[in-house]
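Student: I would like a close look at one part of this model, the place where the chains meet. Please take me through it in one connected account, and add what is needed from the surroundings.

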There are 2 protein chains.
Amino acid sequence: MPAGSSRMKPSSADVSPREPGRRADARHNRGRILETGRALFAARGLDVPMAAVARHAGVGVATLYRHFPTREALITTVFADQLAACTTVVDDALAEPDPWDGFRLVIEKMCVMNALDRGFSAAFLTAFPDATDFEREHVRAERGFATLVQRAKDTGRLRADFDRSDLSLLLMANNGITAGSTEAAVAASRRLAALLLHSFRADLADRTGPLPPPARLAPSHLPWPPAS
Amino acid sequence: MPAGSSRMKPSSADVSPREPGRRADARHNRGRILETGRALFAARGLDVPMAAVARHAGVGVATLYRHFPTREALITTVFADQLAACTTVVDDALAEPDPWDGFRLVIEKMCVMNALDRGFSAAFLTAFPDATDFEREHVRAERGFATLVQRAKDTGRLRADFDRSDLSLLLMANNGITAGSTEAAVAASRRLAALLLHSFRADLADRTGPLPPPARLAPSHLPWPPAS
């Protein structure tokens, strides 16, 4: 069962045709599982055992697997909203008349969104090749950002050696911020975004010289640090 | 018992005068506890329960507490080497003829050391006011860095609005990097350090305008993300 089809309504597998009264229970369980999964992934990372999710949600393991046959199905459903928000940010940025303004907006917005909810970087950085609906949206966001980067380079505002991995680097760096309050985390994210945006400017790159080579930061290497 | 006095040799509390043959055992246990604490802090953060350290080290809780009466005593002993390395980096930087070169070296070296071992940022960012020896060294490193920052500002190379919290921000950002290999983690740390060093340059700050205000990143707010 692909994540996309399970996201909108309880699957027919949840409810036996001979037991229509259990539909509300199934919906309730599904909500509890998603809520629990979201909290556990935030606190302990993406590799929380499915059994732990079931235990914390107060449902049996069989019930969990009936709703989400794989961990990937659960994760992609949990992160569907965050990914949708990412693609919206990229779409809005592509509509900006000046591509550099669009690029700047993506960096600033993603950093702040991620300070408020680590699910954003998880959704953007993690690849789930088997979750087709999720992956389609993911690829759309990635391609949109790549288009924006190329346009910002073409107008001479973004330094030519900006690498795709620099967005991963920035989101990972943002993930590392821990602060005592949401306000402090957002302030720190804003400052980090501003500092890095300065470094990405082509007009300053002329004076700073080349960067060390980009790092290979594959999406699969995302242990997800705990939220602050 | 302050951490510093327990660091160098097994405390006399380890060995009863009537049981001199147990000295080697005590030393062996102490080594196992330190090794285990180091691994657990790296994997799960600084708030690992003492009971978990004892269990993984294969010693009783009473033995653990005989060697390290508090969690703070254990943590500061585990991190003593990293903190000493931090102060050496700062001392070397202060000896550079150009303070900006010294500042740059601190940022670059700390980022790479931290990519290899997360204990460096933990040692530098975490305050342990009750561990007097550790704290004395910690304050020395902090003050040395503050002197370096002031000198680099005075020579007009470091932007005037560089804030003490920007070093915390940089180390936290560095902590967020996760990569599939040590080489990739070091490469990513080098690139992040280079990008941020560009942003810290006073001559470019004239063209970028002011930064968003610094964030309040208190040392006590350091949940320590897992190593890559």
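Tutor: A residue is called buried if 20 or more other C-beta atoms lie within 10 Å of its own, exposed if 12 or fewer do, and partly exposed in between. By that rule, buried residues make up 43% of the 228 residues in chain A. The model is predicted, and the predictor gives the complex an ipTM of 0.77 and a pTM of 0.78.

Some background on the chain comes before the contact. Chain A has 12 helices and 0 strands. Of the contacts in chain A with a separation of 6 or more, 73% join residues 24 or more positions apart. Chain A averages a pLDDT of 82, and 85% of the residues score at least 70. Confidence in chain A is lowest in helix α1 (residues 3-8), at a mean of 40, and highest in helix α4 (residues 61-67), at 96. Two stretches of chain A should be read with that in mind. Over residues 1-15 of chain A the pLDDT stays under 50, and the model has 34 contacts beyond four places in sequence for them. Over residues 220-228 of chain A the pLDDT also stays under 50, with 31 such contacts in the model.

Now the contact itself. Chain B contributes 37 residues to it and chain A contributes 37 residues. On the side of chain B that touches chain A, the elements giving two or more residues are α10 (164-176), α11 (182-200) and α12 (202-208) of chain B. Among these, α11(B) gives the most, with 11 residues. By type, the residues on this side of chain B divide into 24 nonpolar, 9 polar and 4 charged.

The arrangement of the copies comes next. Chain B superposes on chain A after a rotation of 180° with 0.0 Å of shift along the axis, at an RMSD of 0.0 Å. That is the relation of a two-fold axis. The same surface serves both copies, in that 100% of the contact residues of chain B recur in chain A.

Of the helices at the contact, α10(B) can be followed residue by residue. In α10(B), 12 of the 13 residues are buried, so the helix is largely enclosed by the rest of the structure. The buried residues are B:S165, B:D166, B:L167, B:S168, B:L169, B:L170, B:L171, B:M172, B:A173, B:N174, B:N175 and B:G176. What encloses them comes from both chains: the buried residues of α10(B) pack against α10 (164-176) and α11 (182-200) of chain A, together with α7, α8, α9 and α11 of chain B.

The nonpolar core gives another view of the contact. In soluble globular proteins, nonpolar side chains tend to be buried together. Here the largest nonpolar core has 124 residues, and the members that touch the most others are A:A188, A:L192, B:A188 and B:L192. Leaving aside residues up to four places away in sequence, B:L192 touches A:L169 and A:A173 in chain A, and B:C111, B:A173, B:N174 and B:I177 in chain B.

One of those partners, B:C111, is among the buried residues of α7(B), which leads to the helix behind the contact. Helix α7 (residues 99-116) of chain B has 18 residues and reaches 26 Å from its first C-alpha to its last, close to the 26 Å expected at 1.5 Å a residue. Its buried residues include B:P99, B:W100, B:F103, B:V106, B:I107 and B:M110, and also B:R104 and B:N114. They pack against α6 (80-94), α8 (119-125), α9 (132-154), α10 and α11 of chain B.

Chain A offers one detail at the α9 level. A:K153 lies in helix α9 (residues 132-154) of chain A, and it is partly exposed, with 18 other C-beta atoms within 10 Å. A:K153 touches A:L158, A:A160 and A:F162, not counting residues up to four places away in sequence. A:K153 and A:P99 are 54 residues apart in sequence and 8.6 Å apart in space, C-alpha to C-alpha.

In short, the contact takes 37 residues from each of chains A and B, α11(B) gives the most on the chain B side, and α10(B) is largely enclosed by the rest of the structure.

Definitions and conventions: Residues are numbered from 1 along each chain as its sequence is written. Chains are lettered from A and ligands numbered from 1 in the order in which they are written. This is a predicted model: local features need pLDDT of at least 70, side-chain atom pairs count only at pLDDT 80 or more; totals for chains, interfaces and linings use all residues. Two residues are in contact if their C-beta atoms, placed from the backbone, lie within 7 Å. Helices (H or I, at least four residues) and strands (E, at least two) are DSSP runs, numbered from the N terminus. Ala, Val, Leu, Ile, Met, Phe, Trp, Tyr, Cys and Pro count as nonpolar, Asp, Glu, Lys and Arg as charged, and the others, Gly among them, as polar. Copies are superposed by least squares on the C-alpha atoms of residues with pLDDT of at least 70 in both. The expected span of a helix is 1.5 Å times one less than its number of residues. A nonpolar core is a set of buried Ala, Val, Leu, Ile, Met, Phe, Trp, Tyr and Cys residues joined through C-beta atoms within 7 Å. pLDDT is the predictor's confidence in each residue, from 0 to 100.
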